[in-house]
Amino acid sequence: GEMSTLTKAEGEAFGKKGNDVFRKIETFPIPVIAAVNGFALGGGNEICMSCDIRICSDNAIFGQPEAGLGIPGLAKEIIYSTKNIDAAKAKEVGLVNEVYTQDELLPAAEKLANKIAKNAPIAVRACKKAINEGLDLPMDEAIVVEEKLFGSCFKTHDQIEGMEAFLTKRKEKNFINA
């Protein structure tokens, strides 16, 4: 309803607000998991696509209805045709990593988040930064970004702790983000 009365300038500002949120998610230093249950249309789908990992319940529906509303969107076929896709198709085309029942969705997201959180925070952030920064670079430049971020992890408490745990076959690790 709010969008129906916007002027051109207000529409542009509204779009910028959304893009700023999407960009914050994309550039957030730690991985972000989307757990979609139900409809993810338009901006909801764009938020989902901004996340690093996407999972959904079996009743999830994804779409970009903007063209049908007279405003542009992102994924060509879905956008141009305003076609929605269900959870199974979203997994098939790689929009989501996994599909769960509604009851399984949040526990699965929490389990995945906990698995990521058990890793060295410095290394996880470096991995995300290497992926984000390297995506649009020529391969030789992307490799340099990855090498520098890899090197930045060394001589940190977390790297020393992780290597020691690995070498002594100790499962528990005491990462402190330093």
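**Reading strands, exposure and a pocket**

Reader: How many bridges join β1 to strand β3, and do the two run parallel or antiparallel?

Author: In this predicted model, four bridges join β1 to strand β3, which spans residues 53–57, and the two strands run parallel. To follow one bridge by eye, start at A34, whose partner in β3 is R54.

Reader: Which residues of β1 make up the covered face, and which the uncovered one?

Author: Strand β1 covers residues 33–36, and A34 and V36 form its covered face, while I33 and A35 form the uncovered one. A34 therefore appears twice in this picture, on the covered face and as the bridge partner of R54, a reading that rests on strands being DSSP runs.

Reader: Is V93 buried or exposed?

Author: The cut-off for exposed is over 50% relative accessible area, and because V93 has a relative accessibility of 52%, V93 counts as exposed. V93 is found in the loop between α5 (87–92) and β6 (98–100), and its C-alpha is 28 Å from that of K17, with the two positions 76 residues apart in sequence numbering.

Reader: How does one find empty space, and what lines the second largest pocket?

Author: Rolling a probe the size of a water molecule over the atoms shows where empty space is left. Here the second largest pocket has a volume of about 420 Å³, and 20 residues line it, with A123, F150, C153, Q159 and M163 lying nearest its centre. The elements that give two or more residues to this lining are α7 (121–134), α8 (139–152) and α9 (157–167).

Reader: How many residues of that lining are nonpolar, polar and charged?

Author: The lining of the second largest pocket divides into 13 nonpolar, four polar and three charged residues.

Methods:
Residues numbered from 1 in each chain as written. Predicted model: local features only at pLDDT ≥ 70, side-chain atom pairs only at ≥ 80, totals over all residues. Heavy atoms only, no water. 1 Å grid on protein atoms, 1.4 Å probe; cavity = no way out; pocket = protein on both sides within 12 Å on 5 of 7 lines; lining within 4 Å. Points joined across faces, edges and corners; volume = space filled by probe spheres on them. Nonpolar A, V, L, I, M, F, W, Y, C, P; charged D, E, K, R; others polar. Buried < 20%, exposed > 50% of the residue type's maximum accessible area, 1.4 Å probe, protein only. Pairing = 2+ DSSP bridges.
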